[in-house]
Amino acid sequence: MKENSYPDMREKVKEYISELEAEINRCESAFLVEKTPYIAQKYIVRAQTLSEVVNDLNGRLEERI
C-alpha cells in the first residue's frame, strides 16, 4: 500500500480533540443547570479529566512538529 493511502493521523487526532472539547463544553453546561450537587460534581470531574486528555494530546502533537 502506498503511504498516501493511510489516513493522516494528525488530522484524526485534531478531530478527536475537537470532539473532546465539545464534550467538555457539554459537561460545563450540564453542571450549570444541575441541581444535585453530587451529579454536578461528576460533570466537573469529567470535564477536568477530558481537559487533561486534550492537553496531553496537544502536547504530543507539538512534540511531533
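In this predicted model, the side chain of Glu23 makes a polar contact with the side chain of Arg26, at 2.8 Å. Glu23 is found in helix 1, which covers residues 9-33, and Arg26 and Glu23, being three residues apart in that helix, are separated by about one helical turn. The pair also forms a salt bridge, with the closest N and O atoms 2.8 Å apart. Side chains of opposite charge can pair when their charged atoms come close.

Is Glu23 buried or exposed? Glu23 counts as buried because its relative accessibility is 18%, and buried means under 20%. Arg26, with a relative accessible area of 41%, is partly exposed.

Glu23 has another charged partner to consider. The side chains of Arg46 and Glu23 meet in a salt bridge, with a distance of 3.1 Å from N to O. This pair links distant parts of the chain, since Arg46 lies in helix 2 and Glu23 in helix 1, 23 residues apart. Arg46 has a relative accessible area of 42% and is therefore partly exposed. Taken together, Glu23, Arg26 and Arg46 are linked in a network of salt bridges. If neighbours within four places in sequence are left aside, the residues in contact with Glu23 are Arg46 and Leu50.

Leu50 leads us from the charged side chains to the nonpolar ones, for Leu50 belongs to the largest nonpolar core, a group of nine residues in which Ile17, Leu20, Ile24, Cys27, Ala47, Val54, Leu57 and Leu61 are the other members. The elements that give two or more residues to this core are helix 1 and helix 2, the latter covering residues 37-63. Which helix gives the most to the core? Helix 2 does, with five residues. Val54, one of the core residues, shows how its surroundings are built: not counting residues up to four places away in sequence, Val54 touches Ile17, Leu20, Glu21 and Ile24.

Asn55 also lies in helix 2, but with 53% relative accessibility it counts as exposed, because the limit for that word is over 50%. Asn55 and Ile17 are 38 residues apart in sequence, while their C-alpha atoms are 9.1 Å apart in space.

Returning to helix 1, we can look at a further charged pair and then at a nonpolar part of the surface. Glu11 forms a salt bridge with Lys14, in which the closest N and O atoms are 3.8 Å apart, and these two residues, three apart in helix 1, are separated by about one helical turn. Glu11 is partly exposed, with a relative accessible area of 39%, and Lys14 is partly exposed as well, at 41%. Phe31 is found in helix 1 too, and with 33% relative accessibility it counts as partly exposed. Together with Leu32 and Val33, Phe31 makes a nonpolar surface patch of about 310 Å².

Finally, we can step back to the whole protein, which has two helices and zero strands. A search of the whole structure finds four salt bridges. Buried residues make up 18% of the 65 residues, and the accessible surface comes to about 5,400 Å², of which 52% belongs to carbon and sulfur atoms. Among the contacts with a separation of 6 or more, 59% are accounted for by residues 24 or more positions apart.

Key:
Residues numbered from 1 in each chain as written. Predicted model: local features only at pLDDT ≥ 70, side-chain atom pairs only at ≥ 80, totals over all residues. Heavy atoms only, no water. Helix = DSSP H or I, 4+ residues; strand = E, 2+ residues; numbered from the N terminus. Buried < 20%, exposed > 50% of the residue type's maximum accessible area, 1.4 Å probe, protein only. Polar contact = N/O pair within 3.5 Å; in protein donor to acceptor, adjacent residues only side chain to side chain. Contact = heavy atoms within 4.5 Å. Core = buried A, V, L, I, M, F, W, Y, C linked by side-chain atoms within 4.5 Å. Patch = residues over 30% accessible without salt bridge, like charges linked within 9 Å, V, L, I, M, F, W, Y side chains within 5 Å. Areas by Shrake-Rupley, 256 points an atom, 1.4 Å probe, with all protein chains shown as cover.
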